[in-house]
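Student: Could we go through this one together? I'd like to ask about the ligand and then about a pocket.

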Amino acid sequence: MPLVLVRTVSGLEGLAAEEIAAGGHRVVDVSKRQLIIEASDELLGRPPRLADDVFLVRDAVPDPGRTKDGLRSVSLTAQALGPFAVSASFVGERNFNRYDVEDHVGAVLGGEYHSRRDGARPPAQRSEWRVVLDGKTMWIGVRPYDVPLHRRAWRQRTVVGSLHPPVAAAMARLARIEPGMRVLDPFCGAGTLLVEAHALEPAASYRGIDRRAEAVAAARANSAAVQVQLGDAARVSGPVHRIVTNPPWGVRLAVGDLTPYWRAWRRVLAPDGVVVALLSQEQAALLETSWTVQAAYDLSVAGRHPRIVVLTPQRI
Ligand SMILES: C[S@@+](CC[C@H](N)C(=O)[O-])C[C@H]1O[C@@H](n2cnc3c(N)ncnc32)[C@H](O)[C@@H]1O
């Protein structure tokens with residue numbers, strides 16, 4: 001079984017591990033933003049949707065520690081053929097930067113190395129290598145795809161605030177959507193949540209609402225499988241079995257501004273309905289007072305720290 005390095009979003013590691021195990025692969029190690037797995041042959045045909053990216057492990061040596069001399073002493077058995085580029089990351093303090101790691105590994109791997117140090121773009125036809133120093137091990141892998149996994153083929157358009165697809169995929173998994181269910185995103189933007197949910201459970205029906213025509217057009221361009229309408233999130237109709245959504249959270253909202261939306265969710269949810277929402281910490285704290293929180297996940301994504309909450313209405 002090939003060893004594979006899986007990169008994911010900070011906060012989604014446990015959920016990514018569940019998805020990967022459910023796909024028939026063996027999870028060997030989980031650390032911040034990263035999983036090491038023994039993958040079955042099916043991985044490349046059915047890659048995990050919660051992964052940002054995957055790399056076939058070509059070498060693994062002890063982490064060289066914090067000094068440049070340690071880094072320079074690293075030798076590898078892996079070899080690169082043809083043009084290639086390297087991206088590196090590490091945890092902890094080091095006396096070198098990512099470009100030092102990339103250039104060292106690039107020099108050691110052979111082949112036609114293209115450094116990113118001076119901001120040059122490597123040629124389109126290249127293999128992409130990834131190096132991670134996780135404190136114990138220096139992992140060296142090569143991407144088996146042309147583009148990172150988080151870049152979805154369906155995604156033609158985005159809007160301001162569009163979700164990172166692996167986060168949307170995680171929310172869709174948490175919603176446990178079943179065939180025949182009606183699923184609503186009342187703040188659908190470009191439809192990321194609905195499209196990812198449809199990929200997971202094509203036998204449910206998906207409806208999105210957004211008050212901006214540009215967002216409705218973007219969602220329609222992204223998928224013909226979801227129904228999208230122009231409208232106000234406070235005036236949605238039901239019943240629906242699942243609400244998956246991320247309301248705007250870049251702006252500070254007052255409690256009173258949020259209330260009509262939460263009320264609308266309560267009104268349209270079928271008995272046993274579930275809401276999965278990506279919220280700011282502030283919004284989540286407000287909601288947690290009047291809904292039952294079944295699960296919560298704190299993420300770090302694009303420099304922000306939102307929370308995914310799985311909610312059911314509190315029965316009074
Ligand atoms: C954070 S974005 C959602 C992004 C979406 N999940 C995606 O991946 O593209 C929030 C969306 O809510 C929409 N919106 C804001 N207030 C609304 C309202 N009252 N009713 C309907 N849509 C609203 C905005 O136009 C925006 O597209």
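**Around the ligand**

Student: How many residues surround the ligand?
Tutor: Keep in mind that this is a predicted model. The closest residues to the ligand are S162, A190, T192, D210 and N246. Count the whole surrounding set and you get 19 residues.

Student: Which residue has a polar backbone atom 2.8 Å from an oxygen atom of the ligand?
Tutor: Watch the ligand atom here, since a nitrogen atom of the ligand also sits 2.8 Å from a polar backbone atom, that of A233. For the oxygen atom, the backbone partner at 2.8 Å is L163.

Student: How much of the ligand does the protein bury?
Tutor: Start with the ligand taken alone, which exposes 610 Å². Of that area, the protein buries 95%.

Student: What classes make up the shell around the ligand?
Tutor: Charged residues number four in this shell, and D232 has a side-chain N or O atom 3.2 Å from a nitrogen atom of the ligand. The full split is nine nonpolar, six polar and four charged residues.

**The second largest pocket**

Student: Which element gives the largest share of the lining of the second largest pocket?
Tutor: This pocket holds about 290 Å³ of space, and 14 residues line it, with D53, S87, R143, P148 and H150 closest to its centre. The elements giving two or more residues to the lining are β4 (51-62) and β7 (127-133). The largest share, three residues, comes from β4.

Student: How many charged residues are in that lining?
Tutor: Set aside two nonpolar and two polar residues. The charged ones in the lining number 10.

Methods. Residues are numbered from 1 along each chain as its sequence is written. This is a predicted model: local features need pLDDT of at least 70, side-chain atom pairs count only at pLDDT 80 or more; totals for chains, interfaces and linings use all residues. Side-chain values use heavy atoms; hydrogens and water are left out. A residue is near a molecule or strand if one of its heavy atoms lies within 4 Å of it. A polar contact is a pair of N or O atoms within 3.5 Å; within protein, one must be able to donate a hydrogen and the other to accept it, and residues adjacent in sequence count only if both atoms are side-chain atoms. Accessible areas come from the Shrake-Rupley method with a 1.4 Å probe; for residues, only the protein chains shown count as cover. Ala, Val, Leu, Ile, Met, Phe, Trp, Tyr, Cys and Pro count as nonpolar, Asp, Glu, Lys and Arg as charged, and the others, Gly among them, as polar. On a 1 Å grid over the protein atoms alone, a cavity is a set of points where a 1.4 Å probe fits but cannot get out, and a pocket is an open set with protein on both sides within 12 Å along at least five of seven lines; lining residues have an atom within 4 Å of a point. Grid points are joined across faces, edges and corners, and a volume is the space filled by probe spheres set on the points. Helices (H or I, at least four residues) and strands (E, at least two) are DSSP runs, numbered from the N terminus.
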